[in-house]
Amino acid sequence: MITIKSEREVELLRKAGNIVYKTHQYIKPFIKEGITTKELDSLAEKFIRENEATPSFKGYEGFPSALCISINDEVVHGFPSDRVLNNGDIVTLDIGACYKGYHGDSAWTYKVGEIDAEKAYLMEHTKKSLFIGLEQVKPGNKIGDIGYAIESYAKEHNLGVVKELCGHGVGTDVHEDPEVPNYGVANTGPRLKVGMVIAIEPMLTLGSPEIYMESNDWTVVTEDHSPSAHYEHTVVVTQDGYEILTGE
Ligand code: MG
Ligand code: MG
């Protein structure tokens with residue numbers, strides 16, 4: 001069921017989203033060669049809790065950590081561990097925070113030190129594809145318009161779209177209806193209405209978009225081990241278009 005949020009609910013979602021944004025800003029300077037992903041996870045969890053929120057993903061269907069931290073060929077749901085970040089890696093931090101029962105969800109891919117031109121290209125155009133998708137968010141448009149725009153942009157730039165994973169509604173559950181695929185047919189799917197809150201999150205690959213699941217039953221990796229990038233914002237549909245909730 002797709003719910004329309006009241007102004008009071010949007011205010012709580014805005015607060016939750018802002019905590020997610022601030023957590024990204026707080027953690028960014030720590031993303032350097034030599035740090036472990038477990039250390040990043042602990043720092044972020046502490047920051048989220050200091051901001052009167054709880055990490056949305058910890059314990060979600062048994063997920064063990066506060067953040068999903070995915071390196072290079074890992075697409076999503078990497079487990080924070082003793083793995084150390086190396087110069088030239090790209091690393092995605094997917095952060096969710098729950099404030100007074102409402103969630104914010106935003107993923108961002110960061111570079112570690114100096115990265116090669118191919119990874120920089122992947123990051124640049126995956127980030128752009130998120131904003132290309134967001135341009136379709138306005139009352140009257142449909143969910144399929146978002147996926148169509150993202151997929152078309154990815155194709156034009158020779159990047160793969162991971163189709164097994166998609167965006168989603170956000171509210172009192174971090175994953176609500178509707179699903180928001182990163183591919184699709186324009187003018188299909190549920191119609192966007194003022195007060196709907198959705199997370200849009202293209203996951204693009206430099207090589208094949210085929211994926212497999214690691215033995216931990218969570219972490220998704222590209223089959224050809226080409227790098228993957230992932231950018232996500234939670235937004236509310238407004239009269240004029242949309243407002244990013246996981247921003248300043
Ligand atoms: Mg996320
Ligand atoms: Mg999400």
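So, Lys-5: you'll find this residue in the segment before helix 1, which spans 7–27. Keep in mind that we're looking at a predicted model. Is Lys-5 buried or exposed? It's buried, with a relative accessible area of 9%, and the cut-off for that is under 20%.

What does the Lys-5 side chain pair up with, then? There's a polar contact of 2.9 Å with the side chain of Glu-176. On top of that, a polar atom of the Lys-5 side chain sits 3.2 Å from the backbone oxygen of Val-170. Leaving out residues up to four places away in sequence, Lys-5 also touches Val-10, Leu-13 and Gly-195, among others.

Okay, that takes us to Gly-195. This one is in the loop between strand 8 (176–180) and strand 9 (197–200). Gly-195 counts as buried too, because its relative accessible area is 6%. Besides Lys-5, its contacts include Thr-3, Ile-4, Val-236 and Val-237, again skipping residues up to four places away in sequence. And here's one for the distance fans: Gly-195 and Thr-238 are 43 residues apart along the chain, yet their C-alpha atoms are separated by 6.5 Å.

Last bit, the nonpolar packing. The largest nonpolar core has 55 residues, and Ile-200 is one of those with the most contacts inside it, as are Ile-31 and Val-91. Helix 1 gives the most to this core, seven residues. Apart from that core there's another, of seven residues, including Val-76, Val-162, Met-203 and Val-220.

Back to Ile-200 for a second: among the residues it touches, beyond four places away in sequence, are Leu-130, Val-137, Ile-146, Tyr-231 and His-233. That's me done.

Conventions. Residues are numbered from 1 along each chain as its sequence is written. Chains are lettered from A and ligands numbered from 1 in the order in which they are written. This is a predicted model: local features need pLDDT of at least 70, side-chain atom pairs count only at pLDDT 80 or more; totals for chains, interfaces and linings use all residues. Side-chain values use heavy atoms; hydrogens and water are left out. Helices (H or I, at least four residues) and strands (E, at least two) are DSSP runs, numbered from the N terminus. Buried means under 20% relative accessible area, exposed over 50%, partly exposed in between (1.4 Å probe, protein chains only). Contact means heavy atoms within 4.5 Å. A polar contact is a pair of N or O atoms within 3.5 Å; within protein, one must be able to donate a hydrogen and the other to accept it, and residues adjacent in sequence count only if both atoms are side-chain atoms. A nonpolar core is a set of buried Ala, Val, Leu, Ile, Met, Phe, Trp, Tyr and Cys residues joined through side-chain atoms within 4.5 Å.
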